[in-house]
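Hi everyone, thanks for making time for this. I'd like to walk you through one structure, a few places at a time, so please keep the picture open while I talk.

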Amino acid sequence: MMLWESYDKNEIYIIMMLLGAYLAVYIFPKKLSPPLMLLFLVWGFATSTIFDFTLGGGLFDYYKVNDSNKYELSDLLTYFLFATFSYFFVYFYKVLRIKNVKIIFYILGWTCIGLVMEKVSSFMGVTHYQSGYHIYYSVVVFLIVQTTTALYYELIKKKWPEANHVSHMD
Amino acid sequence: MEFVVYFFLVWLYISIFAVLHKRLNIVENTFVYLVILIISINYSWLVIDEFNVISLSEKRAPYLAYLINRSIGIPILTLIFVNLYTRIPTLIQKAMLLVSAVILFVALASISTSLKITKYLNWNYGFDFIYYFVLMVCAIGAYKIMHRVMKGVVEGI
């Protein structure tokens with residue numbers, strides 16, 4: 001485990017994105033209750049971790065995150081960045097009052113955003129594909145992650161009615 | 001064989017969790033699950049791929065067994081522990097449950113070595129005991145954090 005192999009554009013990109021993303025979380029009006037805010041930040045961190053350590057490492061090893069196959073601090077920062085994507089997915093899901101057929105278009109829209117962000121990440125040296133992996137395989141990952149996130153949010157709304165309340169933080 | 005054993009164990013944990021009278025609500029359970037999942041994945045990666053103190057089979061079936069245990073088995077079993085922990089009133093009973101849970105986790109880790117999914121190089125069950133003890137403490141901590149945050153929301157309504 002190390003901080004980073006070399007401090008260059010991928011580290012700068014991650015730090016800048018991280019600052020921008022968490023600033024946005026802080027500045028945007030609070031529409032989710034604190035438990036849901038915390039839950040979906042951790043949800044994003046966990047989903048990115050599980051896919052990276054399963055597809056991007058171990059026996060499959062389809063891609064490398066940042067400069068090496070070793071665990072770097074910048075890898076950890078990348079997962080903190082992914083946490084905000086999950087948060088904003090649910091945030092705008094609520095703000096835009098997504099339901100019924102809109103869910104399909106919402107997920108497809110976020111899949112396009114995900115692919116663009118992945119292309120930019122690849123260009124900035126954050127992700128490096130190997131063992132025959134191609135960016136279009138990520139469509140499957142995005143569809144799985146975003147569909148489960150949307151369905152889980154719907155389930156939470158049904159099982160925990162307080163989910164719709166925003167606390168005094170607002 | 002390895003895959004079948006772990007698939008059965010994970011099925012058993014999920015079934016127990018499904019029928020268990022849960023003290024934690026869906027948000028608390030999910031939060032604890034995700035926190036334990038993150039720790040479990042990072043810990044496995046560190047001891048196997050970074051420090052090389054445990055080696056992992058490179059055959060497909062044992063590797064899949066390892067994946068389902070790491071990503072589903074350990075977090076679900078931890079959830080069962082936390083749900084039982086919150087039911088128990090006395091501190092001594094809580095401590096006994098904690099130690100029992102840790103011993104169960106170590107016993108399950110020994111199945112992994114006996115089935116040759118993992119091989120301990122510079123590692124032993126004593127380290128496993130410490131790790132699972134810390135993991136259970138983290139699970140209780142995660143539950144308490146989320147419970148406190150949720151209490152604030154309910155009181156604010």
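Let me begin with a term. When I say helix, I mean a DSSP run of H or I that is at least four residues long, and helices are numbered from the N terminus. Please also keep in mind that this is a predicted model.

With that term in hand, look at chain B. Which helix gives the largest share of the nonpolar patch? That would be helix α1 of chain B, residues 2-19, which supplies 7 residues. The whole patch sits on the surface and is formed by Phe3(B), Val4(B), Phe7(B), Phe8(B), Trp11(B), Leu12(B), Ile16(B) and Leu64(B). Together these residues have about 730 Å² of accessible area. Let's zoom in on one member: Val4(B) is in helix α1 of chain B. Is Val4(B) buried or exposed? Val4(B) counts as exposed because its relative accessible area is 54%, and the cut-off for exposed is over 50%.

Next, the empty spaces. How do we find them? Rolling a probe the size of a water molecule over the atoms shows where empty space is left. The largest pocket has a volume of about 770 Å³. It is lined by 30 residues, and the closest to its centre are Trp43(A), Tyr152(A), Thr30(B), Tyr33(B) and Leu34(B). Two or more lining residues come from each of these elements: α2 (34-54) and α5 (138-159) in chain A, and α2 (26-50) and α3 (60-85) in chain B. The largest share, 7 residues, is from α3(B).

Now the cavities. How many of 30 Å³ or more does the structure hold? There are 4. The largest cavity contains about 690 Å³ of space. Of its 34 lining residues, Ser48(A), Phe82(A), Phe85(A), Glu118(A) and Phe142(A) are the closest to the centre. Several elements of chain A each supply at least two residues of this lining, including α1 (9-27), β1 (63-65), α3 (73-95) and α4 (102-123).

Two of those chain A elements bring us to a pair of buried residues. Strand β2 of chain A, which also gives at least two residues to the cavity lining, is where we find Thr127(A). Thr127(A) is buried because its relative accessibility is 15%, and buried means under 20%. Leaving aside residues up to four places away in sequence, Thr127(A) touches Lys64(A), Glu118(A), Ser121(A) and Ser122(A). You may remember Glu118(A) as one of the residues closest to the centre of the largest cavity.

The second of the pair is Ser86(A), in helix α3 of chain A. Ser86(A) counts as buried because its relative accessibility is 8%. Again not counting residues up to four places away in sequence, the contacts of Ser86(A) are Phe40(A), Trp43(A), Gly44(A) and Thr149(A). Trp43(A) is one we met at the largest pocket, among the residues closest to its centre.

On to charges. Over all chains, the count is 1 salt bridge. Which residue does Lys157(A) pair with? The partner is Glu154(A), and the closest N and O atoms are 3.6 Å apart. Both residues lie in helix α5 of chain A, 3 residues apart, about one turn of the helix. Lys157(A) is partly exposed, at 26% relative accessibility, and Glu154(A) is partly exposed too, at 22%.

Now for the backbone. Most residues other than glycine have a negative phi. Asn100(A) is not a glycine, yet it has a positive phi of about 50 degrees. You can find Asn100(A) in the loop between α3 and α4 of chain A, and it is exposed, with 64% relative accessibility. In chain B, Asn52(B) also has a positive phi of about 50 degrees without being a glycine. Asn52(B) sits in the loop between α2 and β1 (54-56) of chain B. Is Asn52(B) exposed or partly exposed? Asn52(B) counts as partly exposed because its relative accessible area is 44%.

One last stop: Ala107(B), in helix α4 of chain B, residues 91-114. Ala107(B) is partly exposed, at 38% relative accessibility. Ala107(B) and Asp128(B) are 21 residues apart along the chain, and their C-alpha atoms are separated by 9.8 Å.

That's my tour. Thanks for listening!

Technical notes
Residues are numbered from 1 along each chain as its sequence is written. Chains are lettered from A and ligands numbered from 1 in the order in which they are written. This is a predicted model: local features need pLDDT of at least 70, side-chain atom pairs count only at pLDDT 80 or more; totals for chains, interfaces and linings use all residues. Side-chain values use heavy atoms; hydrogens and water are left out. Patches are made of residues with over 30% relative accessible area and no salt bridge: like charges are joined within 9 Å, nonpolar side chains (Val, Leu, Ile, Met, Phe, Trp, Tyr) within 5 Å. Accessible areas come from the Shrake-Rupley method with a 1.4 Å probe; for residues, only the protein chains shown count as cover. A salt bridge is a side-chain nitrogen of Lys or Arg within 4 Å of a carboxyl oxygen of Asp or Glu. Buried means under 20% relative accessible area, exposed over 50%, partly exposed in between (1.4 Å probe, protein chains only). Contact means heavy atoms within 4.5 Å. On a 1 Å grid over the protein atoms alone, a cavity is a set of points where a 1.4 Å probe fits but cannot get out, and a pocket is an open set with protein on both sides within 12 Å along at least five of seven lines; lining residues have an atom within 4 Å of a point. Grid points are joined across faces, edges and corners, and a volume is the space filled by probe spheres set on the points.
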